[in-house]
Amino acid sequence: RMAAAPPSYCFVAFPPCSKDGLVVFGKNSARPRDEVQEVVYFAGAAHDPGSKVECTYIEIEQVPKTHAVVLSRPSWLWGAEMGANEHGVCVANEAVLTREPASESEALLGMDLVRLGLERGATAKEALDVIVALLEEHGQGGNYYEDGSSCHTFQSAFLIVDRNEAWILETSGKYWAAEKITEGVKCICNQLSLTTKIDAEHPELRNYVRSQGWWNGDSDFNFSEVFSLADDHLACCSGRESLEKQGGDVSAQAMIDVLRDKDSGVCVDSESFLTTASIVSVLPQDPSFPCVHYFTGTPDPSRSIFKPFIFVDDVKLVPKVQSPSFGNDDPAKKIPRFQEKPDRRHELYKAHEWARSLLENDQDKGQKLMRIMLDLEKQGLEAMEDILTRTEVLDPAEVVDLFYDCVDTELKFFK
């Protein structure tokens, strides 16, 4: 069994480390190599009283109103690895192991909590409150992978960011602690990182760990020392140094460069795991400017391009980065689960596979294609830079097809 947690990395940079009053967020999602991630948009909606929402494994109460969200998610599940909402909140999830084994009973997945936090929270703190309340009520548990032969379970850590602040939330079962960040660069990966600076916590947290004999109550309370597996507590963040080296200039491009870095280990490409999708978000601290969210929708950011998305009403949907839907016939929805694996590849994923084989088999053609792709990405980044520095207000009509057109152009190049 894949006992190790997949080594995903998430980052956030605040001024003075980031450029011109921008908060920059990024994540590489490391998952089983053959898993497909799709990029999906759900409009804000009003829901009838008493209605329910069907998450990956369990059904819970729906709320009266959900916010519009854009998500990058393994296409077999309901939740998301990472995403953003229309209010400029971004959430990413990390699978972590703690000294308490994660539950195999089906409950909410950490990835469901990402989506629930985004749909229900208009600020980072609201999203955090939503996540911990649902954790208390429903618990976390169930298989993290589309694998019928064994159950892989993890606890969850989250990076929750908005235009003003970020929260690092780390959990073990229903217990949790959180730290608030408002400046500098922060990185979280697949192990606990909170120490003694705790700005919010489960009301029973300290009593619980005392009763377990994990803390005597006299020494400083250090969350990761108390909850980590004995040999697990290492400094994990190889990407942080490269962001700090930018010295006040962390931009979307700098974050993309860090996510592409294989030598540092941030861009995972190992026997079991691959970075199956990536996101970078730029959140201007001035609310009169729009937030820009870049998604790859394809594996390995060093061979993918980041395509911009901006929330506007009636944003054009992009079926070419959406996996086929199998409805109630989906093996992920039938009990026993995952008895077979359907082909979940979307159109962009398939085109990307073709491009990858070209890169591997014909160096010259591959390099040429990559140059064209990176040029396309650069045009997108420059156009967004223009939107974030101009004085006049953005006309929604200008960006309603933005992500759609970028995906379309990428596909044309592959053809």
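This report describes two pockets and one helix pair in a predicted model.

**Pockets**

The table sets out the two pockets.

| Pocket | Volume | Lining residues | Nonpolar | Polar | Charged |
|---|---|---|---|---|---|
| Largest pocket | About 420 Å³ | 22 residues | nine nonpolar | six polar | seven charged |
| Second largest pocket | About 310 Å³ | 18 residues | eight nonpolar | five polar | five charged |

The largest pocket holds about 420 Å³ of space. Among the 22 residues of its lining, those closest to the centre are Arg73, Ser75, Trp76, Leu77 and Lys333.

In the second largest pocket the space is about 310 Å³. Here the centre is approached most closely by Leu22, Ser251, Ala252, Glu385 and Leu388, out of 18 lining residues. Three helices and strands each give at least two residues to this lining: α6 (252-259), β16 (273-284) and α8 (363-389). The largest share belongs to α8, with seven residues.

**Helices α7 and α10**

Helix α7 covers residues 347-361 and helix α10 covers residues 402-414. Their axes come within 10 Å of each other and cross at roughly 35 degrees. The crossing of α7 past α10 is left-handed.

On the α7 side, the contact is formed by Glu347, Leu348, Ala351, His352, Trp354 and Ala355. On the α10 side, Val407, Glu410, Leu411 and Phe414 take part. By type, the residues of this contact comprise seven nonpolar, one polar and two charged.

Note on methods. Residues are numbered from 1 along each chain as its sequence is written. This is a predicted model: local features need pLDDT of at least 70, side-chain atom pairs count only at pLDDT 80 or more; totals for chains, interfaces and linings use all residues. Side-chain values use heavy atoms; hydrogens and water are left out. On a 1 Å grid over the protein atoms alone, a cavity is a set of points where a 1.4 Å probe fits but cannot get out, and a pocket is an open set with protein on both sides within 12 Å along at least five of seven lines; lining residues have an atom within 4 Å of a point. Grid points are joined across faces, edges and corners, and a volume is the space filled by probe spheres set on the points. Ala, Val, Leu, Ile, Met, Phe, Trp, Tyr, Cys and Pro count as nonpolar, Asp, Glu, Lys and Arg as charged, and the others, Gly among them, as polar. Helices (H or I, at least four residues) and strands (E, at least two) are DSSP runs, numbered from the N terminus. Axes are lines fitted to C-alpha atoms, for helices over the stretch in contact, and angles run from 0 to 180 degrees between N-to-C directions. A crossing is left-handed if the near helix is turned anticlockwise from the far one by less than a right angle, and right-handed if clockwise. Contact means heavy atoms within 4.5 Å.
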